[in-house]
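Reader: Got a minute for a helix pair and a sheet? Show me the model.

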Amino acid sequence: MGYKVAVVGATGNVGREMLNILAEREFPVDEIAALASRRSLGTECSFGDKIVKTQDLATFDFTGWDIALFAIGSDATKEYAPKAAKAGCIVIDNSSLYRYDPDVPLIVPEVNADAIEGYSKKNIIANPNCSTAQMVVALKPLHDRAKIKRVVVSTYQSVSGSGKEAMDELWNQTKGMYVPGQEVEPSVYPKQIAFNVIPHIDVFLDDGSTKEEWKMVAETKKIVDTAIKVTATCVRVPVFVGHAEAINIEFEEFLDEDEARDILREAPGIMVVDKREDGGYVTPAECVGDFATFISRIRQDSTIENGLNLWCVSDNLRKGAALNAVQIAEVLGQRVLKKG
């Protein structure tokens, strides 16, 4: 006996990945529904070796369905997630709408799986921001050993985090650089993304930070420890898929780089590739399609008393979104629903 699972936003980048990962990880699905807006009605999506046609989200009845994986924007989620939850279907939401709601657990299964019990307050579980998800997977095992005081992170985030239109903009702008008369002006981004980097993700806030940077601060505190201080600079780079982060960590007590490397090697969801030689590290191009969060360049920071630096890379459409949502569904099944 398995689960009845609905994927909401099944025609988008993350929705398609959710369908792929449910099949790859052999999640016990009895029935699958691919839901999208009316304009995508009947679009075919792959689910393992099956083809599923999309149904209209606006008219779909969630009664009798176990889990709904939401991969749509906050405005649509605000309308449809409460309907699904009220019908008894547990929502795992990838938007930012519920992440900061105290009655909604924000979960990265390798870090705070025990928070799953809080789902029952609203029948909704939140998936974190892509840049936060991979970072906290790396932080948690180190925090358990030496207690983190402060994190300084600079991100190098791929355009897939902004959706298909952004990926098209990078592709077309890059081609246009070489073909006179085919230049493409920015539309998704405020400046050219091809052969450029943009230190601006999401909207600006009053203190000069962007909302993406604020998300990393607030979500790390909610998922790992409210006492951790975080400062972030989030940058969009001309990479199609895969986010990278340079993370500087200050601990309350000394943690040797060799011990940190050993801890991370044993930690769930992490793959350490850290050779001090040419190519002895992982880049975004190599992590695409992989489930792991990759850690490289682990080294002592001699400028502070108890500091480490590391490089963190992950497929943002997987661990940063779809994979994490499916992992939450797995925890929900094992600990709460207990079917399949």
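**Helix packing and sheet**

Author: α4 and α6 are oblique to each other, because their angle falls outside the classes under 35 degrees (roughly parallel), over 145 (roughly antiparallel) and 65 to 115 (roughly perpendicular). This is a predicted model: local features need pLDDT of at least 70, side-chain atom pairs need 80 or more, and totals for chains, interfaces and linings use all residues. Numbering starts from 1 along each chain as its sequence is written, and side-chain values use heavy atoms, without hydrogens and water.

Reader: What angle do helix α4 and helix α6 pack at, and how far apart are the axes?

Author: About 40°, with the axes 9 Å apart. Axes are lines fitted to C-alpha atoms, for helices over the stretch in contact, and angles run from 0 to 180 degrees between N-to-C directions. Helix α4 spans residues 130-146 and helix α6 residues 211-223; helices are DSSP runs of H or I, at least four residues, and strands are E runs of at least two, numbered from the N terminus.

Reader: Which residues of α4 make the contact?

Author: Among them are Met135, Val136 and Leu139, with Met216 and Ile223 included on the α6 side. Contact means heavy atoms within 4.5 Å.

Reader: Switching to the sheet. What is the strand order?

Author: β10-β9-β11-β14-β13-β12, an open sheet with mixed pairing. β10 and β12 are the edge strands. Strands pair if DSSP finds at least two bridges between them.

Reader: How many bridges between β13 and β14?

Author: 7, in the antiparallel sense. Phe294 has Val313 in β14 as its bridge partner.

Reader: And where does α6 lie?

Author: Across β9, β10 and β11, at about 145° to β10.
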